[in-house]
Amino acid sequence: MKILGLETSCDETGVAIYDSEHGLLSDVVFSQVKMHAKYGGVVPELASRDHIRKIGLLVNQATEEARIGLQDLDGVAYTAGPGLAGALLVGAGFSKSLAWGLDVPALGIHHMEGHLLAPMIDEVVPIDMPFLALLVSGGHTLLVDAFSLGSYEVLGESLDDAVGEAFDKVAKMLDLGYPGGPLVEQLAKSGDPDRFDFPRPMVNRPGLDFSFSGLKTHVRNTIAQHPIDAALKADVCRGFTDAVVDVLVVKCRRAIRQSGAKKLVVAGGVSANKDIRNGLEMLGKEEDVRIVFPSMQFTTDNGAMIAYVGYRRMGLGERDKTELAVRARWPLNELSSP
Ligand code: KG4
Ligand code: ZN
């Protein structure tokens, strides 16, 4: 069974082919980062238009790299939400038409389920559910109890900014560029960990929800009180990252102890961050919990995770029931089991 997966929820056009026998056959991603960088963030209408320009070319590239023809495909999976409505519609419209033309089924996939299962794409040691998951991306910060495919309970989430969004905003305040996460990570390496002691929001309150807007405001006020030089930039990045790591570790520890989980999956774009990986690895050792991350290429948005979830769900016979439909907002616990 060969499934084509298309991801167009935001500013990456991702196309991949996953084969039930041989695993991932191809995975191509075109990032629109350069186009959006001059605006300091994603411009939705430009994103949609660029997906239209690239999607056909990337599908051709993916089939060539996989050494198969379109007629060899058994299904087309696409991101149906959450994300930018216009960008989602490009992938959904393209996928539905292609599937109809090839006479194979199409299936809309939840973007965060893609992130959730991304570590399984090239798993060496099986990562079976149930497990606990921390999903950290540009749009979401979720602590999830994953029981089985499609059966997820959101235990906690950000009440305001997502972690990735906070990284991007701090980068913008420091004039580093977009997307901010990787740039903040780079600068933090040379920052002084003792110069700023930023707040760790919500750690002393019970529960598993997060909040990052207070931390962001604190960073903004700190920057306003100092001349912006190279040292300040690095020190702010260090202090901000340390605060984020501490918050994530505290909340994950609490979730582990509450649920008794033995496995914690950490995925989404922000899971590329080495400081966050190190902090959570340490937590895993302390709590005797296996910590699982996706391979680096599957942390930020990609078609492989959509193709993989498509393979899992279509393999169980799931098909789109509706005509063309996308959901810009879509809570993860409104998913059903296939
Ligand atoms: O999952 P993703 O590619 O897209 C969404 O679903 O939102 O995540 C993108 C987010 C951005 O906010 C980006 O700044 C952040 O992930 N990110 C990082 C790193 N790489 C990407 N944040 C911190 N450190 C990184 N190395
Ligand atoms: Zn994502």
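Which residue has a polar backbone atom 3.0 Å from an oxygen atom of ligand 1, and belongs to the residues numbered in the hundreds? The residue is Gly181. Gly269 also has a polar backbone atom 3.0 Å from an oxygen atom of ligand 1. A side chain takes part as well: an N or O atom of Asp168 is 2.7 Å from an oxygen atom of the ligand. The protein covers 90% of the 550 Å² of accessible area that ligand 1 has on its own. The model is a predicted one.

Now look at the whole shell around the ligand. It has 19 residues. Of these, Gly138, Asp168, Glu185, Gly269 and Asp301 come nearest. By class, the shell holds 11 polar, 5 nonpolar and 3 charged residues. Three helices each supply at least two residues of this shell: α4 (111-117), α5 (163-173) and α6 (180-188). Helix α6 gives the most, with 4 residues.

Next, step back to the chain. The domain assignment splits it into domain 1 (2-117 + 298-334) and domain 2 (128-294). Domain 1 is thus written as two segments, 2-117 and 298-334. Where does ligand 1 lie with respect to domain 1 and domain 2? Both domains give residues to the shell, so the ligand lies between them.

The two domains also meet each other. Their centres, taken over C-alpha atoms, are 27 Å apart. The contact takes 21 residues from domain 1 and 24 residues from domain 2. About 1,800 Å² of area is buried between the domains. Carbon and sulfur atoms give 74% of that area. On the domain 1 side, Met112, Leu116 and Thr299 lose the most area to domain 2. Together these three residues account for 33% of what that side buries.

Follow one residue of domain 1 for a closer view. Asp27 sits in strand β3 (residues 23-31). Leaving aside residues up to four places away in sequence, Asp27 touches Val15, Ala16, Gln297, Phe298, Asn302, Gly303 and Ala304. One of these partners, Gln297, makes a polar contact with Asp27 from side chain to side chain, at 3.4 Å. Phe293 is 266 residues from Asp27 along the chain, and 18 Å separate their C-alpha atoms.

The backbone deserves a look too. Most peptide bonds are trans, and most residues other than glycine have a negative phi. Where does this chain depart from that pattern? A cis peptide bond joins Gly81 and Pro82, with omega at about -10 degrees. Pro82 lies in the loop between β4 (75-81) and α3 (85-102). The bond from Met129 to Pro130 is cis as well, with omega near 10 degrees. Pro130 is in the loop between α4 and β6 (131-136). Arg67 is not a glycine, yet its phi is positive, at about 55 degrees. Arg67 is found in the loop between α2 (44-66) and β4.

How values were computed. Residues are numbered from 1 along each chain as its sequence is written. Chains are lettered from A and ligands numbered from 1 in the order in which they are written. This is a predicted model: local features need pLDDT of at least 70, side-chain atom pairs count only at pLDDT 80 or more; totals for chains, interfaces and linings use all residues. Side-chain values use heavy atoms; hydrogens and water are left out. A residue is near a molecule or strand if one of its heavy atoms lies within 4 Å of it. A polar contact is a pair of N or O atoms within 3.5 Å; within protein, one must be able to donate a hydrogen and the other to accept it, and residues adjacent in sequence count only if both atoms are side-chain atoms. Accessible areas come from the Shrake-Rupley method with a 1.4 Å probe; for residues, only the protein chains shown count as cover. Ala, Val, Leu, Ile, Met, Phe, Trp, Tyr, Cys and Pro count as nonpolar, Asp, Glu, Lys and Arg as charged, and the others, Gly among them, as polar. Domain bounds come from an automatic or database domain assignment. Contact means heavy atoms within 4.5 Å. Buried area is the accessible area (1.4 Å probe) that two parts lose on being put together, summed over both.
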